[in-house]
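Trainee: Hi, do you have a moment to go through this one with me? I'd like to start with a sheet and then jump around a bit.
Mentor: Sure, pull it up and ask away.

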Amino acid sequence: AAPPLVLDVPATSGTFGIVRSMWLDSSGTNLYLADYSLNAVRKLTYDWTIATPVISNYVGSGTDGYNGEGVFATLADIRTPSGICGDSDNNLYIAQLTGARLRVVDAQSQRLFTYVGTGVYGSAGENERIATSRLNTLRACVVSTWDQNLYVLESIDSANTNNRIRRVDVTEPTGQPSGQPSGQPTQCPTTPSGQPTSRPTG
């Protein structure tokens, strides 16, 4: 059984489930933890008044599921967050192990949106539109400091043909409400070497 949840306390007194990944934001003062087993993302912030890090909940109601788009992050349901990463504007991306969606928390509005995926497992190959794309099991993600695009590790098992790293062109419309997420990275004009010209050019 999961331990009793303790939040908004000094980090050494807090509790976690199974933490799969971490991300340090651009300020270098906030550390985010993907709490896989408790369906949440935790935040560690240094509290200068007590001179110690404090743990709080950043994303997730604790329920394994999906309850729509644009929900405030702390009230939103997410599914088994396996990997997290962020961009230079501190938008937080969540690679879910289940649910066939990659979610994003808009740093300005603190609301949760689907960034890639429809909730339907599968793949139609390359150059899928973000708004209608399909995903399988997601393990990890990272925003490249070179081309600012988002890279996602997708796999099911060693025998599955969808074991691959997918590249998400951040200039591609997501199908979400205008302006979400805020502060999209500027596209790099250089085409990654070895990529067909029909693919995103970064």
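Trainee: What is the strand order in the open sheet of 3 strands?
Mentor: The order is β11-β12-β13, and the pairing is antiparallel. Keep in mind that this is a predicted model.

Trainee: Which are the edge strands there?
Mentor: β11 and β13, the latter covering 164-168, are the edges, since each of them pairs on one side only.

Trainee: And how much are neighbouring strands of this sheet turned against each other on average?
Mentor: By 20°, with direction ignored.

Trainee: How many bridges hold β12 and β13 together?
Mentor: There are 5 bridges between β12 and β13, in the antiparallel sense. If you want a residue to click on, L150 stands opposite V168 in β13.

Trainee: Okay, now D147. Where does D147 lie?
Mentor: D147 is in the loop that connects β11 (138-143) with β12 (150-154).

Trainee: It's in a loop, so buried or exposed, this D147?
Mentor: Buried: D147 has 0% relative accessibility, and the cut-off for buried is under 20%, so D147 meets it.

Trainee: What does the side chain of D147 make a polar contact with?
Mentor: One partner is the side chain of Y151, at 2.6 Å. A polar atom of the D147 side chain also lies 2.9 Å from the backbone nitrogen of N149.

Trainee: How far is D147 from V170, C-alpha to C-alpha?
Mentor: Their C-alpha atoms are separated by 9.6 Å, and the two residues are 23 apart along the chain.

Trainee: Changing topic: which strand is S21 in?
Mentor: S21 belongs to β2, which spans residues 19-24.

Trainee: Why does S21 count as buried?
Mentor: Its relative accessibility is 16%, and buried means under 20%, so S21 falls inside the cut-off.

Trainee: Which residues is S21 in contact with, leaving aside neighbours within four places in sequence?
Mentor: Y32, L33, A34, S82, G83 and I84. For I84 there is a polar detail too: its backbone nitrogen lies 3.1 Å from a polar atom of the S21 side chain.

Trainee: What about β10, is that strand largely enclosed or open?
Mentor: Largely enclosed by the rest of the structure, because 5 of the 6 residues in β10 (111-116) are buried.

Trainee: Which strands does β10 pair with?
Mentor: Strand β6, residues 71-72, pairs with β10 in the antiparallel sense over 2 bridges, and V71 stands opposite L112 there. Strand β9, residues 102-105, also runs antiparallel to β10, joined by 4 bridges. In that pairing, R103 has T114 as its bridge partner.

Trainee: How many residues are between the strands in the hairpin of β9 and β10?
Mentor: There are 5, and Q110 takes a positive phi near 60° in that hairpin.

Trainee: Let's zoom out. How many helices and strands does the protein have?
Mentor: It has 0 helices and 13 strands.

Trainee: And what percentage of the residues count as buried?
Mentor: 46% of the 202 residues.

Trainee: What share of the contacts with a separation of 6 or more comes from residues 24 or more positions apart?
Mentor: Those account for 42% of them.

Trainee: Last one: how much surface does the protein expose, and what do carbon and sulfur atoms supply?
Mentor: The exposed area is about 9,500 Å², and carbon and sulfur atoms supply 54% of it.

Trainee: Great, thanks for the tour!

Methods:
Residues are numbered from 1 along each chain as its sequence is written. This is a predicted model: local features need pLDDT of at least 70, side-chain atom pairs count only at pLDDT 80 or more; totals for chains, interfaces and linings use all residues. Side-chain values use heavy atoms; hydrogens and water are left out. Buried means under 20% relative accessible area, exposed over 50%, partly exposed in between (1.4 Å probe, protein chains only). A polar contact is a pair of N or O atoms within 3.5 Å; within protein, one must be able to donate a hydrogen and the other to accept it, and residues adjacent in sequence count only if both atoms are side-chain atoms. Contact means heavy atoms within 4.5 Å. Accessible areas come from the Shrake-Rupley method with a 1.4 Å probe; for residues, only the protein chains shown count as cover. Axes are lines fitted to C-alpha atoms, for helices over the stretch in contact, and angles run from 0 to 180 degrees between N-to-C directions.
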